[in-house]
Amino acid sequence: MALVTAAGLAATAPAALATAPPPAPAAEHGYPLSPAVEAVMHQPGYETAQWGVYEVDPSNGKVIHSQFARQSFVPGSDTKLVTISAAWHSLGPDHRFTTPVYATGTRRGSTLNGNLALVAQGDLTMGGRTKPDGSVDYTNVDHTSANDLPGATLTPENPLAGLNQIARQVRQAGITRVNGNVIIDPRLFTPPALDPQPTPLIINDNLIDLLTTPTRPGEQAKLFWRPQVQPYKVNFNVKTVAAGGSTNVTVTASPDGTRISVSGQIAAGTQPLLRTSPIMDPNAFGRTALIEALGRAGVTVGANPTGPNPERRLPASYAHDPRVAAYVSPPYRQYAKLILKVSHNLGANLALCNMATLRGSKDCFGGGFAVEHDFLTDVAHVDPKQFQLDDGRGGDATEKATPLGLAEILGYWLHTPDATAFRLSLPILGVNGSNAISCPHCPAKGKVFAKPGTVIGIDRLNNQFAVADQSQAGYLLTDDGHLLIFVVLVNSATAPDIQGVVRVFDDTNQISALLQEEASAHL
């Protein structure tokens, strides 16, 4: 079965949440789950599913609920709790990626007889989401999920902002002409075989955004696309149909990704529809984008602006070459917040490569997982055998985690100076991030901080969706300000249609809300 992961699912408000006083505790397993929670778990679609639950009071270690807490479950994007915890600690919350540009060759006045080399540093956004206050912007449904989830929107920042800043610095360094080439140096690490694949240079998450807005029935819809860099072209043929009609927009692209076609129809009166198309060669794209940015800044480049990136012309080192520009990223805690809030798959996979480079390794798997293993054993003091991981995002049903292991990662954070920053980086129920739309009016709104995980596929034999995982892991804040750790996972659920998949997502949020309400009432 081909598996698809989602950052989170648009959800509707669950029904009114009932509470019931907990029964007597059952030894070290804590209290039995309340009838309200059990009722959610025994709805249609969960007949063959397995639920894992763990809830603990970190102030005294008291276990409140424990169901299959030491058994392995598919964690989906809750894998990111492990990946980003390791990266946050290893890189440091204040770590900034500095992407330099060197002038190789000789200078005669304002002319460089040589090349400009941008040395990619694994910066996730290259300024494309940075707000004026230095924070990293996000929307609750990220553009990276636009082809899978409804409601994806764009942040207003310019995806080329980092390259524009670099170009202005080159001009300020006194260079107005380059009698040579512009080259992207991608030698930081070897891009691993992951989906999405992290690369040393990333512009706009290696995506072209395609935003279709309806006009009047019978007329051509409007297209906004970005970033507009040669030789990328878009052929747009989407008609606006009457309000209430169906919306069906299809995106195709040439093998090299530079010729994109957008076709279909969109209903009048609906919200703009976002789709994306992949940038197949990030280095060639980045090279052309930088040449174009230099032109806007008043720097002429003699080389052909399009075509492959001439990596073979890079020097062995830049020991004797002046640095003429550098883009400095926001602190890593901002990237971690983006990754956790929207379940940014590319950023989580990239974190493995970021950690690998700390050890001077170009191997994202060997180097990254070695750092992650050491973090678990030596820093967080969590048994790494509670996890089985093969990427940073949590995109494979062969990956495993125990509820107890996830809870111990969450517990680690409470003993660090970044405890509050980490908690606020998680989606907040009914407020923001992947869980923003779920439970917007329930009493637990704003009091559940949790990372959702989703792995879904198709059961073709029975013509239904197979939900390999839906989970929530994070913190419950009781009404009197007490903080609890909780994990809820369900594996092997089924759904008849996509709305049924959304219901599974809602159910895990409903259980999270019930646990918060019950804890507020009885602790």
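Cys-364 is buried, with 2% of relative accessible area, and Cys-364 is a good place to begin a tour of the disulfides in this predicted model. The count comes to two disulfides. Numbering the bonded cysteines along the chain gives the pattern 1-2, 3-4. As a reminder, a disulfide is a covalent bond between the sulfur atoms of two cysteines.

**Cys-353 and Cys-364**

- Cys-364 is joined by a disulfide to Cys-353, with an S to S distance of 2.1 Å.
- Helix H6 (residues 345-358) holds Cys-353 and helix H7 (residues 364-380) holds Cys-364, so this pair ties together parts that are eleven residues apart in sequence.
- If you are checking dihedrals, the angle about the S-S bond of Cys-353 and Cys-364 is 110°, and the link is right-handed.
- Cys-353 has 0% relative accessibility and counts as buried, while its partner Cys-364 is buried at 2%.

**Cys-439 and Cys-442**

- A disulfide also joins Cys-439 to Cys-442, and here the S to S distance is 1.8 Å.
- The torsion about the S-S bond of Cys-439 and Cys-442 is about 130°, so this disulfide is right-handed.
- Cys-439 counts as buried at 1% relative accessibility.
- Cys-442 has 13% relative accessibility, and because the cut-off for buried is under 20%, Cys-442 counts as buried too.

Definitions and conventions. Residues are numbered from 1 along each chain as its sequence is written. This is a predicted model: local features need pLDDT of at least 70, side-chain atom pairs count only at pLDDT 80 or more; totals for chains, interfaces and linings use all residues. Side-chain values use heavy atoms; hydrogens and water are left out. A disulfide is a pair of cysteine sulfur atoms within 2.5 Å. Helices (H or I, at least four residues) and strands (E, at least two) are DSSP runs, numbered from the N terminus. Buried means under 20% relative accessible area, exposed over 50%, partly exposed in between (1.4 Å probe, protein chains only).
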